[in-house]
Amino acid sequence: MKVCIAGGGRVGMYLAQSLLSHHHKVTIIEPQEALCRTLADTLDIPVICGDSLSFDTLRTADVASCDAFVAVTNTDETNLVACQIAKREFGVNRTVARASNPKNRDILRGELRRRGGGDRGGLGEPDGGAAGQEHLPPG
């Protein structure tokens with residue numbers, strides 16, 4: 001399965017490592033250049049340095065060929081919009097958005113379904129993980 005992750009922080013890196021260990025193909029989109037280099041060197045995967053809301057960046061990441069798009073940036077709104085773009089404009093079938101603010105959980109889940117932007121909204125946990133994550137099938 002080919003998965004694109006928007007956000008290369010702790011959650012994005014952990015998710016990428018987990019997906020790679022299950023033989024998935026992973027691409028990360030991250031706006032911070034220094035973190036992009038670290039991720040690319042550490043994980044040995046494609047890392048696109050850019051904005052996950054930019055159509056050009058999403059094209060460069062080849063999001064249209066992905067089976068899943070996961071947005072785990074530190075901004076709930078960015079996660080929602082990135083999932084909407086991935087689904088509506090690039091035809092990604094499965095999208096998952098992380099909500100760090102507990103107040104946004106129900107709003108995010110409702111918006112994702114209503115606007116066709118995502119399949120899952122995850123509530124950020126205190127340890128930096130996300131509840132409500134889906135397990136993707138092997139490879």
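1. Let's start with D62, which sits in the loop between helix 3 and strand 4 (68-71) (helices being DSSP runs of H or I with at least four residues, strands E runs of at least two, numbered from the N terminus). With a relative accessible area of 37%, D62 is partly exposed (buried is under 20%, exposed over 50%, partly exposed in between, using a 1.4 Å probe and protein chains only). The C-alpha atoms of D62 and F90 lie 9.0 Å apart, although 28 residues separate them along the chain.

2. A word on what we are looking at. This is a predicted model, in which local features need pLDDT of at least 70 and side-chain atom pairs count only at pLDDT 80 or more, while totals for chains, interfaces and linings use all residues. Residues are numbered from 1 along each chain as its sequence is written, and side-chain values use heavy atoms, with hydrogens and water left out.

3. F90 comes up again in the aromatic pair, and the structure holds one of those. Its partner is F55: the rings are 5.9 Å centre to centre, with 45° between the planes, so the pair is tilted (ring centres of Phe, Tyr or the six-membered ring of Trp must lie within 6.5 Å; planes under 30 degrees apart are stacked, over 60 edge-to-face, and the rest tilted). The pair links distant parts of the chain, 35 residues apart: F55 belongs to helix 3 (residues 55-60), and F90 to the loop between helix 4 (76-88) and strand 5 (94-99). The two rings' residues are not covered alike: F55 is partly exposed at 33% relative accessible area, whereas F90 counts as buried at 13%.

4. On the overall fold, I read five helices and seven strands in the protein chain. In sequence order the pattern is β-α-β-α-β-α-β-α-β-α-β-β. The chain has 139 residues, and 47% of them count as buried. Of its contacts with a separation of 6 or more, 53% are between residues 24 or more positions apart (contact meaning heavy atoms within 4.5 Å). The chain exposes about 7,200 Å², with carbon and sulfur atoms supplying 49% of that area (Shrake-Rupley, 1.4 Å probe).

5. Next, the second largest pocket, which holds about 350 Å³ of space. (A pocket is an open set of points on a 1 Å grid over the protein atoms alone, where a 1.4 Å probe fits, with protein on both sides within 12 Å along at least five of seven lines; lining residues have an atom within 4 Å of a point. The volume is the space filled by probe spheres set on the points, which are joined across faces, edges and corners.) Its lining counts 22 residues, and G7, E30, V72, T73 and N74 lie nearest the centre. Helix 1 (10-21) and strand 2 (25-30) each give at least two lining residues, and helix 1 has the largest share, with three. By type, the lining splits into six nonpolar, 12 polar and four charged residues (Asp, Glu, Lys and Arg are charged; Ala, Val, Leu, Ile, Met, Phe, Trp, Tyr, Cys and Pro nonpolar; the others, Gly among them, polar).

6. G7 deserves its own look. It lies in the loop between strand 1 (2-6) and helix 1, and it is buried at 5% relative accessible area. Beyond its neighbours within four places in sequence, G7 touches G12, I28, I29, E30, V72 and T73. The C-alpha atoms of G7 and D51 are 9.3 Å apart, with these positions 44 residues apart along the chain.

7. Finally, two backbone spots to check. Most residues other than glycine have a negative phi. H23, however, has a positive phi near 65°; it is in the loop between helix 1 and strand 2 and is exposed at 65%. D44 also has a positive phi, near 55°. Its place is the loop between helix 2 (33-43) and strand 3 (47-49), where D44 is exposed at 70% relative accessible area.
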